[in-house]
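Open the model in your viewer and keep the selection panel at hand. The tour goes from one helix to the sheet beneath, then to a hairpin.

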Amino acid sequence: MKATGIVRRIDDLGRIVIPKEIRRTLRIRESDPLEIYTDREGQVILKKYSPIGEMTTFAKQYAESLAQVSGHTALISDRDQFIATAGGGKAYLGKEVGRQLEERMNNRETGVCSQGDRNFFQVCDEVEGEYQHLAFTPIICEGDVIGSVILLENDHKGKMSEVEYKLIMSAAGFLGRQMEQ
């Protein structure tokens, strides 16, 4: 475990404040759920909880279906990282979502765009985007954004259309409903 040199006291209600530096580094936002564990040595471990992360196997299968049906690269993320990829997006798997994608998820934006458009963006800051076209939408469960569904295309000639838009909307709606059950 990595020592931070920061010491905090538990208040009379049993609360402890996680330092801002740690929250920023781990991308923990107000109202984010955390799992609490203890280990054999008596340490308390806090882990950021990803509801869609529990569905990783299912998300992978869904991404594969999306990629197969659409012919595009399919990505599924939770709020922090890409948890499933298919159709050529292996470089994204396990990487953090980019700040621009995170912002669009927080704003519940959805759309289709092409490189050169004003609203075009990189979905991941760690992976150099080699795509020309992008379709994206957040996954919403019980009113909260829990992730996103993305299609990427590198073909300079083709553009994404209403079909891709409806595919990602359908996928996000289905994944969100699965989480509610």
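Buried here means under 20% relative accessible area, and exposed means over 50%. Keep in mind that this is a predicted model.

**Stop 1: helix H4.** Select residues 162-180, which make up helix H4. The helix has 19 residues. From first C-alpha to last, H4 reaches 27 Å, close to the 27 Å expected at 1.5 Å a residue.

Now colour Glu-164, Ile-168, Ala-171, Ala-172, Leu-175, Gly-176 and Met-179: these residues of H4 are buried. Look down the axis of H4. The buried residues fall within an arc of 125°, so they line one face of the helix. An α-helix has 3.6 residues a turn, so residues three or four places apart point the same way. Turn to the other side of H4, where Val-163 and Lys-166 are exposed.

What covers the buried residues of H4? Show H2, S3, S5, S6 and S7; the cover includes these elements.

**Stop 2: Ile-168.** Zoom in on Ile-168, in helix H4. Is Ile-168 buried or exposed? Its relative accessibility is 0%, so Ile-168 counts as buried. Which residues is Ile-168 in contact with, leaving aside neighbours within four places in sequence? Select Gly-111, Ala-135, Phe-136, Thr-137, Val-149 and Leu-151. For a distance label, pick Gly-89: its C-alpha is 16 Å from that of Ile-168, and the two are 79 residues apart in sequence.

**Stop 3: the sheet.** Show S4, S3, S7, S6 and S5, in that order across an open sheet of 5 strands. The pairing is antiparallel. At the edges are strand S4 (82-86) and strand S5 (111-114), each paired on one side only. From one strand to the next, the twist averages 15°.

Select residues 73-78 and 144-153 to see S3 and S7, joined by 6 bridges. One pair to label is Ser-77 with its bridge partner in S7, Ser-148.

Add helix H2, residues 56-70. H2 lies across S3, S4 and S7, at about 35° to S4. Bring back helix H4, which packs on the sheet and touches S3, S5, S6 and S7. The direction of H4 makes about 25° with that of strand S6 (133-141).

**Stop 4: the hairpin.** Finish with S1 (residues 34-38) and S2 (residues 44-48). These strands run antiparallel and are joined by 5 bridges. Leu-34 stands opposite Lys-48 in S2. Between S1 and S2 are 5 residues. Select Gly-42 in the turn: its phi is positive, about 85°.

Terms used:
Residues are numbered from 1 along each chain as its sequence is written. This is a predicted model: local features need pLDDT of at least 70, side-chain atom pairs count only at pLDDT 80 or more; totals for chains, interfaces and linings use all residues. Side-chain values use heavy atoms; hydrogens and water are left out. Two strands pair if DSSP finds at least two bridges between them. Helices (H or I, at least four residues) and strands (E, at least two) are DSSP runs, numbered from the N terminus. Axes are lines fitted to C-alpha atoms, for helices over the stretch in contact, and angles run from 0 to 180 degrees between N-to-C directions. Contact means heavy atoms within 4.5 Å. The expected span of a helix is 1.5 Å times one less than its number of residues. Buried means under 20% relative accessible area, exposed over 50%, partly exposed in between (1.4 Å probe, protein chains only). The arc is that of the directions from the helix axis to the C-beta atoms.
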